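The following account leads through the architecture of a protein chain, from its helices to its interior and its loops. Please keep the sequence and the model in view while reading.

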Amino acid sequence: CNFSYMQILQVSETRLAAREEYNRNHQPPFTHRQNVDRYKNFVMLPLSKRRFCQECQQLLLPAEWENHSDHQFLCDITTAQLKSPSQLLYPLENKKTNAQYLFADRSCQFLLNLLTDLGFRRVLSVGTPRLHEMIQSRASQEEEFSVRSLLLDIDFRYSQFYTEDEFCHYNMFNHHFFGGEAAHETCRKFLNEENGERVILVTDPPFGGLVEALASSFKKLMAMWKETEKEGHDSKEMPVFWIFPYFFESRILDFFPSFSMMDYQVDYDNHALYKHGKTGRRQSPVRIFTNLTPSMIVLPEEEGYRFCTVCERYVSSGNQHCEICNSCTSKDGRRWKHCVLCKKCVKPSWIHCNNCNFCTLQKHSCEKSDVGCFVCGKAGHKRSACPSLSRT
């Protein structure tokens, strides 16, 4: 939905009607149940009659070919392609609405191996379609592979490839299940641990999203897990892997004090900057935040990670232990330096400024300007709460 408005203004009936009309015209062409039935018919077709419309991002049955005759489409869709929909669908990369960046195979394989080594048998995949499809693919190919996954995602296109027990259309910013009570119950049942099958929530939200809104939704999912009334839940939190850039650490810890940040660099296939193996500031800033004990998270030594016996966790090779801070202090993979005046470690490119009385970039402006309200110029409030604006 592209509708937005200022809370302090009254929305006209015309704008509300326009929003409703827009939403009606942008509904998916088929329901989830219809997509499941269409998929069953699609896989029964011979390879020569399997087509996928690239413009409509839709699996096509033979009776629908004529309506898409002037569109670009892929032919001979294999079973392997159907098992990897994230590679068949175009990623939705609009940063203001979707920012659909997908795990590189290295990171996805690492996460799955880590989850299985930790003993998790159910993965609630919130906005992680590539991890979900890797689990689904392994489960269909290996009989001894016992991990299950439920994908919660805003991208309804995945309903073409997964049943209602495998995918729920979900908005992680307001904890909304588009499928209503039925989808909510599907999620609740999945979180119900049976036969000792441990559950973990793995999420990879858009990095431009408001941390407060995301944290609120994740807490509701964690509360749903607690409602399953299993022994010991009262004193525990649902295990979580929240994948987010390291510079959001303080915001995440505000809402989840039990979380800690791991040094593992998560990289993405379709992002120009977030790639593993680069050096300096070009390294991927994306990390794993978790409420699991840090020493349990084993990072691959062949990629340069090592175990710090003092901190009792794996850290990157450039993250040297500071004897003064008594911690491995680097956040970005580079070796940080300790500032005696600031009493903490800082980035290697920073220097201590006596005028500002803290460490910052060498080329910076020492002029301190008190930025006030854009309406009246006074400090202490913002434009939206300005008394002058309300009087006007």
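The expected span of a helix is 1.5 Å times one less than its number of residues. The model discussed here is a predicted one. Helix α5, residues 105-117, has 13 residues, and from its first C-alpha to its last it reaches 18 Å, close to the 18 Å expected at 1.5 Å a residue. Its buried residues are S107, C108, F110, L111, L112, L114 and L115. The cover over these buried residues includes the strands β4 (120-126), β8 (198-203), β9 (240-245) and β11 (286-290), together with helix α6 (129-141). After α5 comes G119, with a positive phi near 90 degrees.

Helix α6 invites the corresponding description. It has 13 residues and reaches 18 Å between its first and last C-alpha, close to the 18 Å expected at 1.5 Å a residue. Its buried residues are P129, R130, L131, H132, E133, M134, I135, Q136 and S137. Among the elements that cover them are α5, α4 (85-88), β4, β5 and β8.

These two helices belong to a protein with 10 helices and 19 strands. Of its 392 residues, 44% count as buried. Among contacts between residues at least 6 apart in sequence, 56% join residues at least 24 apart.

The interior can be followed through its nonpolar cores. The largest nonpolar core has 65 residues, and those with the most contacts inside it are L124, L131, L152, L221, F241 and W242. Helix α8 (residues 211-226) gives the largest share of this core, 8 residues. A second, separate core has 15 residues, including L45, I77, L151 and Y162. With neighbours within four places in sequence left aside, L152 is in contact with L124, S125, V126, G127, C168, Y170, F177, C187 and L221.

Strand β5 (residues 148-153) holds S149. Is S149 buried or exposed? The cut-off for a buried residue is under 20% relative accessible area. S149 counts as buried because its relative accessibility is 4%. Leaving aside neighbours within four places in sequence, S149 is in contact with V123, S125, H132, I135, Q136, E166 and F190. Of these partners, H132, I135 and Q136 are also among the buried residues of α6. S149 and E166 are 17 residues apart along the chain, and their C-alpha atoms are separated by 6.9 Å.

Beyond this strand, the loop between β5 and β6 (167-171) contains F161. F161 counts as buried because its relative accessibility is 6%. When residues up to four places away in sequence are not counted, F161 touches Y39, L59, L82, P85, L88, L89 and E166. E166 is thus named among the contacts of S149 and among those of F161. F161 and H32 are 129 residues apart in sequence, and their C-alpha atoms are 9.7 Å apart in space.

The next topic is enclosed space. Rolling a probe the size of a water molecule over the atoms shows where empty space is left. The count comes to 1 cavity of 30 Å³ or more. About 40 Å³ of space lies in the largest cavity. Which residues line the largest cavity? The lining is made up of N35, R38, Y39, F42, L59 and Q160. Helix α2 (residues 32-43) contributes the largest share of this lining, 4 residues. By character, the lining residues divide into 3 nonpolar, 2 polar and 1 charged. Y39 and L59, which take part in this lining, are also touched by F161.

Two loop positions complete the description. D76 has a phi near 55 degrees, a positive value in a residue other than glycine. D76 is placed in the loop between β3 (73-75) and α3 (79-82). Its relative accessible area is 38%, so D76 is partly exposed. N326 likewise has a phi near 55 degrees, positive in a residue other than glycine. The location of N326 is the loop between β14 (321-322) and β15 (327-328).

Conventions. Residues numbered from 1 in each chain as written. Predicted model: local features only at pLDDT ≥ 70, side-chain atom pairs only at ≥ 80, totals over all residues. Heavy atoms only, no water. Buried < 20%, exposed > 50% of the residue type's maximum accessible area, 1.4 Å probe, protein only. Contact = heavy atoms within 4.5 Å. 1 Å grid on protein atoms, 1.4 Å probe; cavity = no way out; pocket = protein on both sides within 12 Å on 5 of 7 lines; lining within 4 Å. Points joined across faces, edges and corners; volume = space filled by probe spheres on them. Nonpolar A, V, L, I, M, F, W, Y, C, P; charged D, E, K, R; others polar. Core = buried A, V, L, I, M, F, W, Y, C linked by side-chain atoms within 4.5 Å.
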